[in-house]
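The following paragraphs lead the reader through the model shown below, from its confidence to its packing. Please keep the structure in view while reading.

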Amino acid sequence: MEAFIVIAAIVGVVVGLAVMFFVTKTREKSSANEASNMRQKAETEAKALVENAKKQADTYRKEAEIEAKDQALRYKQQIEEESKDRLHEVRAAENRLTQREESLDRRSESLDSREKQLSNLQGQIDARMEEVSATQAQVDEKLVAVAGMSAQEAKVELLDSIRDEVTHESAAIIRESEERTKAEADKRARMILSLAIQRVAADHSSENTVSTIHIPNDDLKGRIIGREGRNIRSFEQLTGTNLIIDDTPECVTISCFDPVRREIGRVTMENLISDGRIHPARIEEMYEKAVKYVEDRVQKAGEQAAFDTGIHDLHPEVVKTLGRLLYRTSYGQNVLNHSLEVAYLAGVMASELGLDPVPAKRAGLLHDLGKAVDHEVDGSHAVIGADLAKRFGESEEIVHAIEAHHEDVDPNSVLDMLIQAADAVSAARPGARKETLDAYIKRLEKMEEIANGHKGVERTFAIQAGREVRVMVKPDVVDDAESVVLAHDIAKQIENEMQYPGQVKVVVVRESRAVDYAK
């Protein structure tokens with residue numbers, strides 16, 4: 001049974017394989033037939049596409065040939081039209097050239113005829129000139145016979161006469177212009193000065209440097225002097241001042257040429273009196289505090305002055321020296337306030353004249369810089385101030401304005417004249433400076449008296465508020481060499497016999513004048 005089953009399975013497998021083989025063969029035949037049919041169909045379609053492409057290519061080629069022929073025809077027509085236009089232009093140009101040639105021929109003929117006419121006229125003119133020359137010679141002979149001079153001499157005399165007449169007329173015109181200009185300039189100057197003074201509106205109070213110190217009672221004087229004068233010696237040695245204790249009740253006096261040292265001494269003494277303890281160690285301590293206090297005030301005063309005038313690039317040493325003017329007075333006028341006034345006045349006047357006000361303000365602020373140290377350095381405060389300004393980098397324009405504001409050198413610019421005018425206005429305004437009239441007059445009279453006492457002096461004038469003595473000498477008595485000696489002698493005598501602030505300039509003038517008038 002089992003063998004039968006096995007045989008049956010084998011037979012089934014064989015039959016299955018046979019059926020599968022048959023089916024496979026059948027499918028292969030059908031696929032081959034289908035592929036053959038598809039290949040035939042594709043070949044047919046390809047042939048059709050090729051035929052269509054050839055037909056379209058022939059069509060396109062024919063259309064392109066037709067279009068090319070049309071384009072060539074259009075180009076040909078365009079070229080023919082342009083050739084015709086060019087031909088017309090060439091013919092027109094030829095016509096114009098022909099016309100110009102004809103016109104030039106006509107002008108040439110006309111010029112030839114004119115040239116002939118000019119030749120004839122030139123001949124006539126030459127003949128006339130010969131006649132005029134002969135006539136002129138006859139006239140010259142007659143003029144020489146009548147006037148008694150040649151033609152050249154007559155010409156020279158005529159020119160001289162004309163020259164003299166023109167010179168007189170020009171002098172009259174110049175004189176009239178100068179008078180008119182001076183009048184207008186004076187009017188303009190007065191207006192500018194009045195406007196500047198009105199705009200500044202400075203305070204009219206004057207001040208003096210304090211040198212007298214009040215003390216509570218006279219018993220304090222003994223404590224100030226100290227045992228065997230040690231306190232007063234220590235005070236004078238530290239401060240560099242002279243302490244004067246006299247019979248004046250309840251006050252002591254500090255004397256010193258240096259205003260800053262005097263102020264330091266004043267502050268030191270006031271602090272000692274307030275403290276009540278007076279001995280060398282305490283004096284030294286108070287002195288150091290006073291030095292610091294005064295130096296701070298000097299620095300702040302200089303910085304404030306620069307700020308008020310709008311000048312912010314000053315050298316630190318210039319600012320410090322400027323602040324020292326806070327303690328300097330001139331005839332009761334505070335020099336720092338005076339410098340600020342001059343700066344404001346110069347700035348206003350410069351603006352009115354259409355100039356830059358900044359240099360004017362700068363020169364006005366620094367013009368009295370030398371007064372801060374004129375007790376330490378010999379020379380005029382203007383020259384000292386100019387040297388200081390130059391040393392600390394100020395421009396040549398500013399330096400010269402400082403040096404020229406009292407005419408130590410000749411002014412050479414508008415700025416120099418502005419500073420001179422502003423300085424004079426500030427010093428001369430009512431209440432600016434004070435000095436008793438009697439003392440002032442006596443001082444000037446004394447100066448003139450000293451100068452008049454010398455041999456050969458004709459007249460003497462004390463000017464510049466007693467800062468300058470101008471001595472006029474007789475030129476036939478005093479020669480140039482003696483005038484130098486005379487100036488030195490007068491200056492020495494004034495220095496020895498008089499008390500005066502600042503410096504006195506002695507100018508000896510020796511001159512000979514020849515005067516005539518043209519009427």
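Across the chain of this predicted model, the pLDDT averages 80, and 84% of the residues score at least 70. Over residues 201-210, however, the pLDDT is below 50. Beyond near neighbours in sequence, this stretch nevertheless has 25 contacts in the model.

The secondary structure of the chain consists of 14 helices and eight strands. Of its 519 residues, 28% are buried. When contacts between residues at least 6 apart in sequence are considered, 61% of them join residues at least 24 apart.

In soluble globular proteins, nonpolar side chains tend to be buried together. In this model, the largest nonpolar core contains 38 residues, and those with the most contacts inside it are Leu-314, Leu-322, Leu-365, Leu-366 and Leu-415. Two or more residues of this core come from each of helix H6 (280-309), helix H7 (316-324), helix H8 (335-352), helix H9 (357-366), helix H10 (381-391), helix H11 (396-404) and helix H12 (414-428). The most is given by H8, which supplies nine residues.

What does Leu-415 touch, once residues up to four places away in sequence are set aside? Its partners are Pro-359, Ala-360, Ala-363, Glu-397, Ile-398 and Ala-401. Apart from the largest core lies another, of 16 residues, which include Val-469, Val-473, Ala-487 and Val-506.

Ala-301 offers a local view of helix H6, where it is placed. Is this residue buried or exposed? Its relative accessible area is 13%, and because buried means under 20%, Ala-301 counts as buried. Leaving out residues up to four places away in sequence, Ala-301 touches Gly-323, Leu-326 and Leu-336. Ala-301 and Val-319, although 18 residues apart in sequence, are separated by 8.5 Å in space, C-alpha to C-alpha.

The packing of one helix pair can be followed in more detail. Two packed helices are described by the angle between their axes and the distance between the axes. For H10 and H11, the axes come within 7 Å and cross at roughly 165°. Angles over 145 degrees count as roughly antiparallel, and H10 and H11 are therefore roughly antiparallel to each other. Their crossing is right-handed. At this meeting of helices, H10 contributes Ala-382, Val-383, Gly-385, Ala-386, Ala-389 and Lys-390, while H11 contributes Val-399, Ile-402 and Glu-403. Both H10 and H11 are also among the elements that give two or more residues to the largest nonpolar core.

Note on methods: Residues numbered from 1 in each chain as written. Heavy atoms only, no water. Core = buried A, V, L, I, M, F, W, Y, C linked by side-chain atoms within 4.5 Å. Buried < 20%, exposed > 50% of the residue type's maximum accessible area, 1.4 Å probe, protein only. Helix = DSSP H or I, 4+ residues; strand = E, 2+ residues; numbered from the N terminus. Contact = heavy atoms within 4.5 Å. pLDDT = per-residue confidence, 0-100. Axes fitted to C-alpha atoms, helices over the stretch in contact; angles between N-to-C directions. Parallel < 35°, antiparallel > 145°, perpendicular 65-115°, else oblique. Left-handed = near helix turned anticlockwise from the far one by under 90°.
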